[in-house]
Amino acid sequence: MATFKKFEEIVSWQKARELNNEIGALIDSGNFKSNYRLINQIEGSAGSIMDNIAEGFERSGNKEFIQFLYIAKGSCGELRSQLYRAIDRHYLNQKQFDKFYSCAYEISVLIQKLINYLYQSEIKGTKYKKVNNETLKQ
């Protein structure tokens, strides 16, 4: 796996952004009627996926990045649960549900693969610098 220079290069972030845009378009189309609570929750969890990937990356250390990736992964689960609420209320059809659910699940799998990679990586983040074989926090 290559070293990322910026969070926009991370595939799970890219896919989360696409999903967030599609969820937003669906909400903007009026499908959710006036269920503002569900609108806020589903928009919040969809946005939280990409936001936590970005925030964790910008912390510049693997431990914090992993912590934020777990939060993003949790938001994927939260979004999938909210999709069930949306289809149960007939705000989504089965095709829309399947598409969004599948995408959220794929992002979750990608995030877990990144977490696994980071746990095994010798690279600990740019906020740690090796000087005379000692790791110093910058």
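Helix axes here are lines fitted to C-alpha atoms over the stretch in contact, and the angle between two of them runs from 0 to 180 degrees between N-to-C directions. Keep that in mind for the helix pairs below. One more thing before you start clicking: this is a predicted model.

**The whole chain**

Start with everything shown as a cartoon. The protein chain has 4 helices and 2 strands. Follow the chain from the N terminus and the elements come in the order α-α-α-α-β-β. Now colour by accessibility: of the 138 residues, 40% count as buried. If you look at contacts between residues at least 6 apart in sequence, 69% of them join residues at least 24 apart.

**Stop 1: α1 and α2**

Select residues 11-28, which is helix α1, and residues 36-58, which is helix α2. These two pack at an angle of about 160 degrees, and their axes are 9 Å apart. How do they run relative to each other? An angle over 145 degrees counts as roughly antiparallel, and α1 and α2 are therefore roughly antiparallel. Their crossing is left-handed.

Next, show side chains where the two helices meet. On the α1 side, pick S12, W13, A16, R17, N20, I23, G24 and I27. Across from them in α2 are I39, I42, E43, A46, G47, I49, M50, I53 and A54. Sorted by class, this contact has 11 nonpolar, 4 polar and 2 charged residues.

**Stop 2: L38 and Q82**

Stay on helix α2 and select L38, which is found there. Is L38 buried or exposed? With a relative accessible area of 1%, L38 is buried. Show what surrounds L38: leaving out residues up to four places away in sequence, it touches F32, Q82, R85, A86 and Y91. Try a distance from L38 to R85 too. The two are 47 residues apart along the chain, yet their C-alpha atoms are separated by 8.3 Å.

Now jump to one of those partners, Q82, which sits in helix α3. Q82 is buried as well, with a relative accessible area of 3%. Which residues does Q82 contact, setting aside its neighbours within four places in sequence? The answer is L38, Q41, I42 and S45. You may recognise I42 from the previous stop, where it was among the α2 residues meeting α1.

**Stop 3: D51**

Move along to D51, also in helix α2. D51 is partly exposed, at a relative accessible area of 48%. Add I71 to your selection: D51 and I71 are 20 residues apart in sequence, and C-alpha to C-alpha they are 9.9 Å apart.

**Stop 4: α3 and α4**

Hide what you have and select residues 62-88 for α3 and 94-120 for α4. The angle between α3 and α4 is about 165 degrees, and their axes are 9 Å apart. That makes α3 and α4 roughly antiparallel to each other. The crossing is left-handed. Here the contact residues divide into 21 nonpolar, 4 polar and 2 charged.

**Stop 5: two loop residues with positive phi**

Select S60 in the loop between α2 and α3. S60 has a positive phi of about 65 degrees although it is not a glycine. At 25% relative accessibility, S60 counts as partly exposed.

Then go to H90, which lies in the loop between α3 and α4. What is the phi of H90? It is near 65 degrees, a positive value in a residue other than glycine. H90 counts as exposed, at 66% relative accessibility.

**Stop 6: the cysteines**

Finish with C76 and C103, and put a distance between their sulfurs. How many disulfides does a search of the whole structure find? It finds 0. Why is C76 not in one? A disulfide needs two cysteine sulfur atoms within 2.5 Å. The closest cysteine sulfur to that of C76 is in C103, 8.7 Å away, and that is too far for a bond. Seen from the other end, C103 is in no disulfide, and its nearest cysteine sulfur is that of C76. While C76 is selected, check its accessibility: at 0%, C76 counts as buried.

Key
Residues are numbered from 1 along each chain as its sequence is written. This is a predicted model: local features need pLDDT of at least 70, side-chain atom pairs count only at pLDDT 80 or more; totals for chains, interfaces and linings use all residues. Side-chain values use heavy atoms; hydrogens and water are left out. Buried means under 20% relative accessible area, exposed over 50%, partly exposed in between (1.4 Å probe, protein chains only). Angles under 35 degrees count as roughly parallel, over 145 as roughly antiparallel, 65 to 115 as roughly perpendicular and the rest as oblique. A crossing is left-handed if the near helix is turned anticlockwise from the far one by less than a right angle, and right-handed if clockwise. Contact means heavy atoms within 4.5 Å. Ala, Val, Leu, Ile, Met, Phe, Trp, Tyr, Cys and Pro count as nonpolar, Asp, Glu, Lys and Arg as charged, and the others, Gly among them, as polar.
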